[in-house]
Amino acid sequence: MKAGASPELFRKLPSVDELIGMPAVRSLTEVYARDSVVDAARAVLARLRQEITSGLLDDGSLKLALSGSAAAVEAQLRESLKYSLQAVINATGVILHTNLGRAPLSDSAIDHIRDTAAAYSNLEYDLASGARGKRDVHIDRLFQKLLYDGPPSESQPCVSTIVVNNNAAAVLLALNTLAEGGEVIVSRGELVEIGDSFRIPEVMTKSGATLREVGTTNRTRIADYEAAITERTRLLLRVHRSNFEITGFTEEAPTAELAALARRRSIPLMEDLGSGSLLDLRFVGISGEPGVLDSLHAGVDIVTYSGDKLLGGPQAGLISGGSDLIARLRSNALFRALRVDKLTYAALEATLISYVRRDHDAIPILRMMRATKEEIGRRAEELAKCIDSPKLKTEIVDGESLLGGGAAPSCVLPTRLLALAAEGTSTEELCMRLRACDPPVIGRVEEGRVVLDLRTVFPEQDATLASALSRIAA
Ligand SMILES: *Cc1c(COP(=O)(O)O)cnc(C)c1O
């Protein structure tokens, strides 16, 4: 016990029952569950005990604290019932920030979730026949449109798409279905780890397939794949490197050649694309991200990709490929365990309809990618005007936004940054104050100062951001 913590003070604390018995506290049980009120009362008393132990309270201040104990219990109740998951302002400039929930959903996706989630729906019900239907139909019909340039033909066979919980699940399901008990050939340069413990060799083990590595880290030729094919080979796998690049003395087998080899030896070729864009992203200055169509056109039999990366939809794993292969995946018991709910189907369906309508600006991440450095700079200047004060200095500087989410690692988008400096305040302290705003503001530290990149801030959040920053400046 520290100096100043007197045993008499502890005796002046009410018991939990006494505290609950106070009329102002008892009336809280009319609004909140009794258990919650008891928990809150316990927390308030524990805090007072802690403060006495630390010598923070004397007789007078304890009396004052006790007179406000009903209000303290109510504040504690409110705090404990607040959402933990909450919206934040992403001012990091990282468009697909995995820690910040990757792609924000479009307005139509939110509306469609609301309409179908609050009511019953035809999730697995065929309205035409009045019989049981399949949940896949809602999105497969849209992928049919998006992944074809014309009617199915020999060079462009019929493609189906199914949805699972995320791309990791998609890879697991595909490997388990197509290669359990057999071997999968992968280049040593593609044995990747994608953030948060998705590692190709480990997923392979879980799937029951055996990894057969070929080539070297920097060079793998088509002959390496060919030499490794045995009667145990079930699948050739190509993995998009996503979050790193190999440069210098490198070689990899072109996908089309790999596809030709696979066809010659009657072994399917699968590609884990990771991001899987439905568009050619060169129109926003992003190259090196293979699109889903590019892979299918090159002859890949089955591709896996995320719903919440470059596609800009909800978290999901999408598997597109020949209808016969997809039918095998569908009938695997694992598919039932990995399938997604109606909220995901609703969000995905609405997102895909935006693609079908070519309304790309409806999709938030595509809008963010398309924003120009000049537009972002003008918004940063407006913001700076609202907050510049002797206490919070602002400067607008050139910088770079990132795609994030393990997509196009070396690809950056030029942007303008709002750099902040508060006198006598460290960058850590300033970041902490930004995170303490409501909603929390997440910036990044660059060259020893805090910078905000408005590329990932919705223009309608600018006013909220301005008032949060003005409070920090005051
Ligand atoms: C991101 C990524 C994954 C994992 O996708 P999730 O949807 O996060 O499960 C797997 N493979 C590659 C190549 C990726 O880029």
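**From an exposed serine to the buried core**

S266 is placed in the loop between α12 and β11, where helices and strands are DSSP runs (H or I over at least four residues, and E over at least two, respectively) numbered from the N terminus. The model is a predicted one, in which local features require pLDDT of at least 70 and side-chain atom pairs count only at pLDDT 80 or more, whereas totals for chains, interfaces and linings use all residues. Residues are numbered from 1 along each chain as its sequence is written, and side-chain values use heavy atoms, with hydrogens and water left out.

The phi angle of S266 is near 55°, a positive value in a residue other than glycine. With a relative accessibility of 66%, S266 counts as exposed, a term that stands for over 50% relative accessible area, while buried stands for under 20% and partly exposed for what lies in between (1.4 Å probe, protein chains only). I267 belongs to the loop between α12 (255-264) and β11 (269-274), but I267 counts as buried, at 7% relative accessibility. If neighbours within four places in sequence are set aside, I267 is in contact (heavy atoms within 4.5 Å) with I229, T233, R234, L235, L236, A262 and D301. R78, by comparison, lies 60 Å from I267, C-alpha to C-alpha, at a sequence distance of 189 residues.

What does the chain look like as a whole? Its secondary structure comprises 20 helices and 18 strands, and its C-alpha atoms fill a box of roughly 90 × 55 × 50 Å along the principal axes. Of the 474 residues in the chain, 48% are buried, and among contacts with a separation of 6 or more, 75% are made by residues 24 or more positions apart. The domain assignment, whose bounds come from an automatic or database source, gives domain 1 (7-81), domain 2 (89-97 + 368-473) and domain 3 (107-362). Taken over C-alpha atoms, the centres of domain 1 and domain 3 are 55 Å apart.

A nonpolar core is here a set of buried Ala, Val, Leu, Ile, Met, Phe, Trp, Tyr and Cys residues joined through side-chain atoms within 4.5 Å. The largest such core holds 53 residues, and the members that touch the most others are L278, Y305, L352 and M369. Because both domain 2 and domain 3 give residues to this core, it lies between them. A second core, separate from it, has 30 residues, including V164, V186, L235 and I319. Returning to L352, and again leaving out neighbours within four places in sequence, one finds it in contact with I139, L142, F143, L146, L278 and L311.

Several of these names lead to helix α8, in which H138, I139, D140, L142, F143 and L146 are buried. An α-helix has 3.6 residues a turn, so residues three or four places apart point the same way. The elements that cover the buried residues of α8 include β5 (159-164), α13 (292-297), β12, β13 (317-322) and α16 (342-356). H138, at a relative accessible area of 15%, is buried, and beyond its neighbours within four places in sequence it is in contact with N122, L123 and E349.

How many aromatic pairs does a search of the whole structure find? It finds 1, where rings of Phe, Tyr and Trp (its six-membered ring) pair if their centres lie within 6.5 Å, and count as stacked with planes under 30 degrees apart, edge-to-face over 60 and tilted for the rest. The ring centres of F143 and Y305 are 6.4 Å apart and the planes stand at 75°, so the pair is edge-to-face. It links distant parts of the chain, since F143 sits in helix α8 (residues 137-146) and Y305 in strand β12 (residues 302-306), 162 residues apart. F143 and Y305 are both buried.

Two local features remain, both in loops. D438 and P439 are joined by a cis peptide bond with omega of about 0°, and P439 lies in the loop between α19 (427-435) and β16 (441-442). E447, in the loop between β17 (444-446) and β18 (449-453), has a phi near 50°, which is positive in a residue other than glycine. At 77% relative accessibility, E447 counts as exposed.
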